[in-house]
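Student: I have a new structure to read. Can we go through the reasoning behind its labels?

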Amino acid sequence: MFILCFLLFVAGFACFGYAPFIDGWQSLVFVLGLLLVSTAIGIPMHKSRHDHKSSQLP
C-alpha cells in the first residue's frame, strides 16, 4: 500500500512539473496532479480510519 501511495504522490508532483510545458493541456494536467496527490494522501487516511473503526467492534 505504501508503494502505491508513494508512486501516486510522485506522479502527482511530476504532473505539477510538466504542466507548464504541455500546450493546451496545462490546466487538465495540473488538476490531474492535484487529484493524484490528494488520492495518495487520502488512501492511508481512509484505511487507518476504517481499521480504527473496525477494531472497536465487539
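What follows is a set of short questions about labels and values, with the reasoning for each.

Student: What kind of model is this, and how many helices and strands does the protein have?
Tutor: It is a predicted model. The protein has 2 helices and 0 strands.

Student: How do you know that the length of helix H1 agrees with its number of residues?
Tutor: Helix H1 covers residues 2–18, which is 17 residues. The expected span is 1.5 Å times one less than the number of residues. That gives 24 Å for H1, and its end C-alpha atoms are 24 Å apart, so the two agree.

Student: Which residues of H1 are buried?
Tutor: Cys5, Leu8, Gly12 and Cys15. Buried means under 20% relative accessible area.

Student: What puts these buried residues on the same side of H1?
Tutor: Their arc around the axis is only 80°, so they sit on the same side of H1.

Student: Which residues are exposed on the other side of H1?
Tutor: Phe2, Ile3, Leu7 and Tyr18 are exposed there.

Student: Why is phenylalanine 13 called partly exposed?
Tutor: Phenylalanine 13 lies in helix H1. Its relative accessibility is 45%. Buried is under 20% and exposed is over 50%, with partly exposed in between. Therefore phenylalanine 13 counts as partly exposed.

Student: Why is glycine 42 called partly exposed?
Tutor: Glycine 42 is placed in helix H2, residues 26–55. Its value is 27% relative accessibility, so glycine 42 counts as partly exposed.

Student: How far apart are glycine 42 and cysteine 5 in sequence and in space?
Tutor: They are 37 residues apart in sequence. In space, the distance is 9.0 Å, C-alpha to C-alpha.

Student: What makes the nonpolar surface patch?
Tutor: Phe2, Ile3, Phe6, Leu7, Phe9, Val10, Phe13, Ile41 and Met45 make it, with an area of about 960 Å². H1 and H2 are the elements that give two or more residues to this patch. H1 supplies the largest share, 7 residues.

Student: What about the whole protein: how much area is exposed, and what share of the residues is buried?
Tutor: The protein exposes about 4,700 Å², and carbon and sulfur atoms supply 75% of that. Buried residues make up 17% of the 58 residues.

Student: What share of the contacts joins residues 24 or more positions apart?
Tutor: Among contacts with a separation of 6 or more, such residues account for 55%.

Technical notes: Residues are numbered from 1 along each chain as its sequence is written. This is a predicted model: local features need pLDDT of at least 70, side-chain atom pairs count only at pLDDT 80 or more; totals for chains, interfaces and linings use all residues. Side-chain values use heavy atoms; hydrogens and water are left out. Helices (H or I, at least four residues) and strands (E, at least two) are DSSP runs, numbered from the N terminus. Buried means under 20% relative accessible area, exposed over 50%, partly exposed in between (1.4 Å probe, protein chains only). Contact means heavy atoms within 4.5 Å. Accessible areas come from the Shrake-Rupley method with a 1.4 Å probe; for residues, only the protein chains shown count as cover. The arc is that of the directions from the helix axis to the C-beta atoms. Patches are made of residues with over 30% relative accessible area and no salt bridge: like charges are joined within 9 Å, nonpolar side chains (Val, Leu, Ile, Met, Phe, Trp, Tyr) within 5 Å. A salt bridge is a side-chain nitrogen of Lys or Arg within 4 Å of a carboxyl oxygen of Asp or Glu.
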